[in-house]
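Subject: Structure handover

Hello,

Here is the structure for you to load. My notes on what was found follow below it.

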Amino acid sequence: MGKLEKSEDFGVLQEFVESLFADAEEQTRLDIVVQAEALDLNPDLQEIVSLLPPGTYTRERLCDQFNSSLSSHGWGYYYGAVH
């Protein structure tokens, strides 16, 4: 079931995506997971990151994956969609 209030971590995943692609066109799943762990994202957001299939991601592809996972968990409103 979705959460009814916005999280204090609302927008953190968007900031994470922006930092990943500040100087890169693509990121590997491993790089994304390592960065998420290094930034100590909250457990829910770590779960979203851990659901990524192996591969290389453009910003658009990564956002699609994250938004799909957020939506399937009912967390889009709670943590915010990414673009």
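Gly-55 counts as partly exposed, with a relative accessibility of 31%. Bear in mind that this is a predicted model. Gly-55 sits in the loop between α3 and β2, the latter covering 56–58. Setting aside neighbours within four places in sequence, Gly-55 is in contact with Gln-27, Thr-28 and Arg-29. Take Arg-29: 26 residues separate it from Gly-55 in sequence, yet the C-alpha to C-alpha distance is 5.8 Å.

Pro-54 lies in the loop between α3 and β2. Its relative accessibility is 70%, so Pro-54 counts as exposed, the cut-off being over 50%. From Pro-54 to Ala-81 is 27 residues along the chain, and their C-alpha atoms are 21 Å apart.

Now the helix packing.

Helix α2 spans residues 29–38. Its axis and that of α3 come within 10 Å and cross at roughly 175 degrees. Angles over 145 degrees count as roughly antiparallel, so that is the label for α2 and α3. On the α2 side, the residues that meet α3 are Arg-29, Ile-32, Val-33, Ala-36 and Glu-37. On the α3 side they are Gln-46, Val-49 and Ser-50. By class, this contact of α2 with α3 holds four nonpolar, two polar and two charged residues. Arg-29 therefore turns up twice: in the contact of α2 with α3, and among the contacts of Gly-55.

Helix α3 (residues 43–50) also packs against helix α4 (residues 59–73). The angle is about 125 degrees, and the axes are 9 Å apart. That angle makes α3 oblique to α4. It falls outside the 65 to 115 degrees that count as roughly perpendicular, and it is not over 145. The crossing of α3 and α4 is right-handed. Which residues make the contact? From α3 come Glu-47, Ile-48 and Val-49. From α4 come Phe-66, Ser-69, Leu-70 and His-73. The contact of α3 with α4 divides into four nonpolar residues, two polar and one charged. Val-49 of α3 takes part here, and Val-49 also meets α2.

Ser-69 deserves its own entry. This residue is found in helix α4. Is Ser-69 buried or exposed? Its relative accessibility is 11%, so Ser-69 counts as buried, under the 20% cut-off. Leaving out neighbours within four places in sequence, Ser-69 is in contact with Ile-48 and Leu-51. Ile-48 is one of the α3 residues in the contact with α4.

Last, the aromatic rings.

A pair of aromatic rings is described by how far apart the centres are and by the angle of the planes. How many aromatic pairs does a search of the whole structure find? The search finds two. One pair is Trp-75 with Tyr-79: the centres are 5.9 Å apart, with 80 degrees between the planes, and the pair is edge-to-face. The other is Tyr-78 with Tyr-79: their centres are 4.7 Å apart and their planes stand at 80 degrees, so this pair is edge-to-face too. Together, the ring pairs link Trp-75, Tyr-78 and Tyr-79 into a cluster.

Burial in the cluster is as follows. Trp-75 is buried, at a relative accessible area of 8%. Tyr-79 is buried, at 3%. Tyr-78 is buried as well.

Best wishes

Methods:
Residues are numbered from 1 along each chain as its sequence is written. This is a predicted model: local features need pLDDT of at least 70, side-chain atom pairs count only at pLDDT 80 or more; totals for chains, interfaces and linings use all residues. Side-chain values use heavy atoms; hydrogens and water are left out. Axes are lines fitted to C-alpha atoms, for helices over the stretch in contact, and angles run from 0 to 180 degrees between N-to-C directions. Helices (H or I, at least four residues) and strands (E, at least two) are DSSP runs, numbered from the N terminus. Angles under 35 degrees count as roughly parallel, over 145 as roughly antiparallel, 65 to 115 as roughly perpendicular and the rest as oblique. A crossing is left-handed if the near helix is turned anticlockwise from the far one by less than a right angle, and right-handed if clockwise. Contact means heavy atoms within 4.5 Å. Ala, Val, Leu, Ile, Met, Phe, Trp, Tyr, Cys and Pro count as nonpolar, Asp, Glu, Lys and Arg as charged, and the others, Gly among them, as polar. Rings of Phe, Tyr and Trp (its six-membered ring) pair if their centres lie within 6.5 Å; planes under 30 degrees apart count as stacked, over 60 as edge-to-face and the rest as tilted. Buried means under 20% relative accessible area, exposed over 50%, partly exposed in between (1.4 Å probe, protein chains only).
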